[in-house]
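Here are a few notes to go with the structure, for anyone opening it up fresh. Have it on screen while you read.

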Amino acid sequence: MEIDGQKFDGMRYDADIRKATYVECRFENCHFDTMALVDVVLTNCVFSDCVFRNVDVSGLRLQNTVFHTVACIGIDWSEVGHTGKLFPLFKEISGCTLKFNSFYKTKLSKTPIVGSALLDCAFIGCDLTGCVFRESDFLNTNFQDCDLSNADFRQARNYRINTASNRLRKARFSVPEVFGLLDNLDIVIE
């Protein structure tokens, strides 16, 4: 089933969605709760003021997807596929709250993730080159074996990035938050 150019407003999804393709659709004030997206393709879709809670996205494929003021709780984005050759996983994430989300070997390069809260999340082995993380909060978020080259963390806060296990070439940071990069060195600054 292909759905093209429709707007979904105030919908609640608690049953699995199977074998559907959404092209240039808008989802506003929708709730996706403890369900699975199986053989679902989202192309050029926009989600605003939506909630994804404990959703199995392993059967989802994304292309040019935008999230604005979306809450994602307990989502493992590692198995999400891509349609065509357009990367990265998301086109943009802004004003969102991601809590207990996992990204394992996920390509997010050049994705703007701005003004968002990424709390208790894990980025492991991810391509985050050129990502813009401005004005985002990374409280208790873990970056491990990631390529953060040319990433922009200016005005971001609460990030703790191990400089030995992540690539940070030409990444941009602002004071005073940049001192968080020294946490793993077990040094004393006076």
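**Notes on the sheet, the cysteines and one leucine**

1. Let's start with a single pair: T97 in strand 15 is the bridge partner of A71. Keep in mind that this is a predicted model. Zooming out a little, strand 12 (residues 71-73) and strand 15 (residues 97-99) pair in the parallel sense, with three bridges between them.

2. Those two strands belong to an open sheet of six strands, paired in parallel and ordered 3-6-9-12-15-18. At the edges you'll find strand 3 (12-13) and strand 18 (117-119); each has a single partner strand, so one side of each has no neighbour in the sheet.

3. Now for the cysteines. How many disulfides does a search of the whole structure find? Zero. Take C50: the nearest cysteine sulfur belongs to C30 and is 4.7 Å away, and C50 is in no disulfide. C50 is also buried, at a relative accessible area of 1%.

4. C146 tells a similar story. Its closest cysteine sulfur, in C126, is 4.6 Å away, which is too far for a bond because a disulfide needs the sulfur atoms within 2.5 Å. C146 is buried, with a relative accessible area of 3%.

5. Last, have a look at L168, in the segment after strand 20 (142-144). Is L168 buried or exposed? Its relative accessible area is 19%, so L168 counts as buried, the cut-off being under 20%. Leaving out residues up to four places away in sequence, L168 touches L148, S149, I161, T163, F173 and L181. V38 sits 130 residues from L168 along the chain, and their C-alpha atoms are separated by 36 Å.

Notes. Residues are numbered from 1 along each chain as its sequence is written. This is a predicted model: local features need pLDDT of at least 70, side-chain atom pairs count only at pLDDT 80 or more; totals for chains, interfaces and linings use all residues. Side-chain values use heavy atoms; hydrogens and water are left out. Helices (H or I, at least four residues) and strands (E, at least two) are DSSP runs, numbered from the N terminus. Buried means under 20% relative accessible area, exposed over 50%, partly exposed in between (1.4 Å probe, protein chains only). Contact means heavy atoms within 4.5 Å. Two strands pair if DSSP finds at least two bridges between them.
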